[in-house]
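Welcome! Here is a short, friendly tour of a protein structure, meant for someone meeting it today.

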Amino acid sequence: MGKEFKEGLLGLIADIYGSPEELAKILDLGVEMLFYLEEDTFERRDVQSVVSALRAVIGIMREPD
């Protein structure tokens, strides 16, 4: 990801959530909620894809500047 894109994304996140760390907390909660899904609500692979995407975003938000 380019530096300019990342700076813009982090600025947008800061405007909406206050900080990247706060968004990371919310995304962590989303990952936790996925553990409590009812069976057969979604395809297993779809849930795994969502978790992978959330973890990737969480990792980006926690990267040092």
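Two residues are said to be in contact when heavy atoms of theirs lie within 4.5 Å of each other. By that rule, and leaving aside residues up to four places away in sequence, L37 touches F42 and V47. Please keep in mind that this is a predicted model.

**The whole protein**

Let us step back and look at the overall layout. The protein has three helices and zero strands, and its elements run α-α-α from the N terminus on. Along the principal axes, the C-alpha trace spans about 40 × 20 × 15 Å. The radius of gyration of the protein is 14 Å, while a compact globule of 65 residues would have one near 11 Å. Of the 65 residues, 20% count as buried. Among the contacts with a separation of 6 or more, 59% are accounted for by residues 24 or more positions apart.

**How the helices meet**

The table sets out two helix pairs.

| Helix pair | Axes come within | Crossing angle |
|---|---|---|
| α1 and α2 | 8 Å | roughly 75° |
| α2 and α3 | 9 Å | roughly 160° |

Start with helix α1 (residues 3-17) and α2, whose axes cross at roughly 75°. That makes α1 roughly perpendicular to α2. On the α1 side the contact is made by L10, I13 and Y17, and on the α2 side by P20, E22, L23 and I26. By class, the residues of this contact of α1 with α2 divide into six nonpolar, no polar and one charged.

How do α2 and α3 run relative to each other, roughly parallel or roughly antiparallel? The axes of α2 and α3 cross at roughly 160°, and angles over 145 degrees count as roughly antiparallel, so α2 and α3 are roughly antiparallel to each other. In addition, α2 passes α3 in a left-handed crossing. From α2, the residues making the contact are P20, L23, A24, L27, D28, G30, V31 and L34, and from α3 they are V47, V50, V51, L54, V57, I58, M61 and R62. This contact of α2 with α3 has 13 nonpolar, one polar and two charged residues.

**The loop between α2 and α3**

Between α2 (20-34) and α3 (44-62) there is a loop, and D40 lies in it. Is D40 buried or exposed? With a relative accessible area of 76%, D40 is exposed, because exposed means over 50%. The backbone of D40 also deserves a look: phi is near 65°, a positive value in a residue other than glycine. As a rule, most residues other than glycine have a negative phi.

L37, which we met at the start, has its place in this loop between α2 and α3 as well. The relative accessible area of L37 is 33%, so L37 is partly exposed. L37 and V47 are ten residues apart along the chain, and their C-alpha atoms are separated by 9.4 Å.

**A glycine in α3**

One more stop is G59, which lies in helix α3. G59 has 34% relative accessibility and therefore counts as partly exposed. What separates G59 from A24 in sequence and in space? They are 35 residues apart in sequence and 8.2 Å apart in space, C-alpha to C-alpha. A24 also appeared above, as one of the α2 residues in the contact with α3.

Definitions and conventions:
Residues are numbered from 1 along each chain as its sequence is written. This is a predicted model: local features need pLDDT of at least 70, side-chain atom pairs count only at pLDDT 80 or more; totals for chains, interfaces and linings use all residues. Side-chain values use heavy atoms; hydrogens and water are left out. Helices (H or I, at least four residues) and strands (E, at least two) are DSSP runs, numbered from the N terminus. Buried means under 20% relative accessible area, exposed over 50%, partly exposed in between (1.4 Å probe, protein chains only). Axes are lines fitted to C-alpha atoms, for helices over the stretch in contact, and angles run from 0 to 180 degrees between N-to-C directions. Angles under 35 degrees count as roughly parallel, over 145 as roughly antiparallel, 65 to 115 as roughly perpendicular and the rest as oblique. A crossing is left-handed if the near helix is turned anticlockwise from the far one by less than a right angle, and right-handed if clockwise. Ala, Val, Leu, Ile, Met, Phe, Trp, Tyr, Cys and Pro count as nonpolar, Asp, Glu, Lys and Arg as charged, and the others, Gly among them, as polar. The radius of gyration is taken over C-alpha atoms; the globule rule is 2.2 Å times the number of residues to the power 0.38.
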